[in-house]
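Colleague: I should be grateful for a close look at one part of this model, written for a first-year student. Please choose a single region and explain how it is placed and what it touches.

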Amino acid sequence: TSGIQEIPPLRPSFFFSQEFLGRKIEDVAVDIAQAPLQFEPGSRAQYSNAAPYVLARIVELRSGKSFHEH
């Protein structure tokens with residue numbers, strides 16, 4: 001219900017490309033934050049592959065560790 005887009009920005013059509021997988025969660029989260037919302041938050045529900053990156057970044061910021069270390 002967040003309105004966050006369906007897929008992370010700049011993700012290639014082939015999801016498992018090394019170029020994309022090598023990006024830091026911090027970098028992906030910045031791209032997501034700069035992208036426009038797909039709809040007004042709370043106005044509908046839609047699955048988002050981008051939302052877990054936002055959650056992972058919150059874990060990094062709160063824990064002081066990279067998501068992979070946490």
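Modeller: The following account examines helix 3 together with the loop that leads into it, after a short view of the whole chain. The model is a predicted one, and every value below was computed from its atoms.

The setting comes first. The chain contains three helices and zero strands, and its elements follow the order α-α-α from the N terminus. The chain has 70 residues, of which 29% count as buried. Its accessible surface comes to about 5,100 Å², and carbon and sulfur atoms account for 55% of that surface. If one takes the contacts between residues at least 6 apart in sequence, 65% of them join residues at least 24 apart.

Helix 3 covers residues 51-63, and the loop before it connects it with helix 2, which covers residues 25-34. Ser-48 lies in this loop. Is Ser-48 buried or exposed? Its relative accessible area is 7%, and because the limit for a buried residue is under 20%, Ser-48 counts as buried. Which residues does Ser-48 touch, apart from those up to four places away in sequence? They are Ile-4, Gln-5 and Glu-6. With Glu-6, the separation in sequence is 42 residues, yet the two C-alpha atoms are 4.1 Å apart in space. The side chain of Ser-48 also has polar atoms of the backbone beside it. A polar atom of this side chain lies 2.6 Å from the backbone oxygen of Gln-5. On the side of helix 3, the backbone nitrogen of Ala-50 lies 3.1 Å from a polar atom of the side chain of Ser-48.

The helix itself may now be considered. Helix 3 is made of 13 residues and spans 19 Å from its first C-alpha to its last, which is close to the 18 Å expected at 1.5 Å a residue. Its buried residues are Tyr-53, Ala-56, Arg-57 and Glu-60. Seen down the axis of helix 3, these buried residues fall within an arc of 100°, so they line one face of the helix. The face turned away from this buried side carries the exposed residues Leu-55 and Arg-62. Just after helix 3, Gly-64 adopts a positive phi of about 80°.

Within helix 3, Arg-57 deserves particular attention. Arg-57 is one of the buried residues of the helix. Leaving aside neighbours within four places in sequence, Arg-57 is in contact with Ile-25, Glu-26 and Ala-29. Two salt bridges involving Arg-57 can be described in turn. In one, the side chain of Arg-57 meets that of Glu-26, with a distance of 4.0 Å from N to O. This pair links distant parts of the chain, as Glu-26 belongs to helix 2 and Arg-57 to helix 3, with their positions 31 residues apart in sequence. Glu-26 is partly exposed, its relative accessible area being 38%. In the other, Arg-57 forms a salt bridge with Glu-60, and the closest N and O atoms are 3.0 Å apart. Arg-57 and Glu-60 both lie in helix 3, three residues apart, which is about one turn of the helix. Glu-60 has a relative accessibility of 10% and therefore counts as buried. Through shared partners, the salt bridges join Glu-26, Arg-57 and Glu-60 into one network.

Helix 2, the partner in this network, may be described in the same manner. Its buried residues are Ile-25, Val-28, Ala-29, Asp-31 and Ile-32. Seen down the axis of helix 2, they fall within an arc of 160°, so they line one face of the helix. On the other side of helix 2, Ala-33 and Gln-34 are exposed. Two of the buried residues of helix 2, Ile-25 and Ala-29, are also contacts of Arg-57.

How many salt bridges are counted in this model? The count comes to three. Besides those of Arg-57, there is a salt bridge between the side chains of Arg-23 and Asp-31, at 2.3 Å from N to O. Asp-31, at 17% relative accessibility, counts as buried, whereas Arg-23, at 25%, counts as partly exposed.

To draw the region together, the loop before helix 3 holds the buried Ser-48, which touches Ile-4, Gln-5 and Glu-6. Further along, Arg-57 in helix 3 shares a network of salt bridges with Glu-26 and Glu-60.

Technical notes:
Residues are numbered from 1 along each chain as its sequence is written. Side-chain values use heavy atoms; hydrogens and water are left out. Helices (H or I, at least four residues) and strands (E, at least two) are DSSP runs, numbered from the N terminus. Buried means under 20% relative accessible area, exposed over 50%, partly exposed in between (1.4 Å probe, protein chains only). Contact means heavy atoms within 4.5 Å. A polar contact is a pair of N or O atoms within 3.5 Å; within protein, one must be able to donate a hydrogen and the other to accept it, and residues adjacent in sequence count only if both atoms are side-chain atoms. The expected span of a helix is 1.5 Å times one less than its number of residues. The arc is that of the directions from the helix axis to the C-beta atoms. Accessible areas come from the Shrake-Rupley method with a 1.4 Å probe; for residues, only the protein chains shown count as cover.
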